[in-house]
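Notebook open, structure loaded. I want to go through the charged pairs, then a helix, then the odd backbone angles.

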Amino acid sequence: MAEETQLRNLNFRSNSLRGIPPGILARAFQSLTSLNIEDTDIDSTQSEAFFQSLKENRGNQLKYMAIGHNDLSSVDPQTFAGALKNIAKVNINATSITKDQVEALFKEILIKSSLKELNLSTNNFSSVNTTLMARAINKLEKAFMFYTGLTEHQVEEILNLGLVVGE
C-alpha cells in the first residue's frame, strides 16, 4: 500500500493469493489496522516473508488479523511469535501450527504482548507444555480453543489457574 492510502480495513478471505510475490505480500498490509486473509492459499515462502515483515515493522498499525485456514507450519517459531505478539486480536485457526510455534507465542504472551484475543481452534495442542499454555491463556481476555485436542489435564490446568488468578 502506498503511504497516502486511506484504506485501513481489508478482507481478502477465500481469494487465492498464491500468485502474489512474497515481497509484495509482506509489505502490502503495513498501513492497515484490520486484515483478513483467511483461506487464501498462501504458500510457505509468502507466509515466512509476511511474518518476517510483521515482526520487523515497528510501525505496524495492525490491531486485528485473521489468517486462518492457511498452512503456517513452516514459519520460524520466533518469527511467528514475534509477529503476532503486538496485534490485539488474532485468528490463526486451522493453520497447522506446530508445538514449537505455539510455545514460542505463549512465551511472548507471558513476557510482553498486546494480544488480548486469540483464536487457536482446529490446531493440535495435545503435546504443548501444559503449564506454559495455562499461564499464557489466562493472560488473554478471550481465547478460542475448540477442536485443539487438549487433554483433560491441560483443560484442568487452564481452569485451575483461572480460578487462582480470579480470586
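Below are my entries, in the order I looked things up.

**Entry 1: what I'm looking at**

I'm working from a predicted model, not an experimental one. I'll keep that in mind throughout.

**Entry 2: salt bridges**

How many salt bridges are there? I get a count of 6. I picked out some of them for a proper look.

I started with Asp 41 and Arg 18, whose side chains meet in a salt bridge at 3.0 Å, N to O. Asp 41 sits in the loop between β2 (34–36) and α2 (44–56), while Arg 18 belongs to the loop between β1 (9–11) and α1 (22–27), so this pair ties together parts that are 23 residues apart in sequence. I also checked how covered the two partners are. Asp 41 comes out partly exposed at 40% relative accessibility, and Arg 18 is likewise partly exposed, at 40%.

**Entry 3: a charged network on the strands**

Next I went to Lys 89, which makes a salt bridge with Glu 117; their closest N and O atoms are 3.7 Å apart. Here the partners are in strands: Lys 89 in β4 (residues 89–91) and Glu 117 in β5 (residues 117–119), so the bridge ties together parts 28 residues apart in sequence.

Glu 117 has another partner to note, Lys 142, with the closest N and O atoms 3.9 Å apart. That salt bridge links β5 to strand β6 (residues 142–144), and the two residues are 25 apart in the chain. Through the shared partner, Lys 89, Glu 117 and Lys 142 join into one network.

Which of the three are buried, and which partly exposed? I have Glu 117 as buried, with a relative accessible area of 18%, because the cut-off for buried is under 20%. Lys 89 is partly exposed at 35%, and Lys 142 is partly exposed at 40%.

**Entry 4: helix α3**

I moved on to α3 (residues 77–84) and asked how many of its residues are buried. I find 6 of the 8 buried, and I've written the helix down as mostly covered. The buried ones are Thr 79, Phe 80, Ala 81, Gly 82, Ala 83 and Leu 84.

What do they pack against? My list reads α2, β3 (64–66), β4 and α4 (99–111). Strand β4 was already in my notes as the home of Lys 89.

I also looked at how the helix begins. Asp 76 caps the N-terminal end of α3, with a side-chain oxygen 3.1 Å from the backbone nitrogen of Gln 78.

**Entry 5: positive phi**

Last job: residues with positive phi that are not glycine. I noted His 69, with phi of about 60°. His 69 lies in the loop between β3 and α3, and with a relative accessible area of 40% I have this residue down as partly exposed.

Tyr 147 also has a positive phi without being a glycine, with a value near 55°. Where is Tyr 147? I placed Tyr 147 in the loop between β6 and α6 (152–166). At 70% relative accessibility, Tyr 147 counts as exposed, because the cut-off for exposed is over 50%.

Key. Residues numbered from 1 in each chain as written. Predicted model: local features only at pLDDT ≥ 70, side-chain atom pairs only at ≥ 80, totals over all residues. Heavy atoms only, no water. Salt bridge = Lys/Arg side-chain N within 4 Å of Asp/Glu carboxyl O. Helix = DSSP H or I, 4+ residues; strand = E, 2+ residues; numbered from the N terminus. Buried < 20%, exposed > 50% of the residue type's maximum accessible area, 1.4 Å probe, protein only. Contact = heavy atoms within 4.5 Å. Polar contact = N/O pair within 3.5 Å; in protein donor to acceptor, adjacent residues only side chain to side chain.
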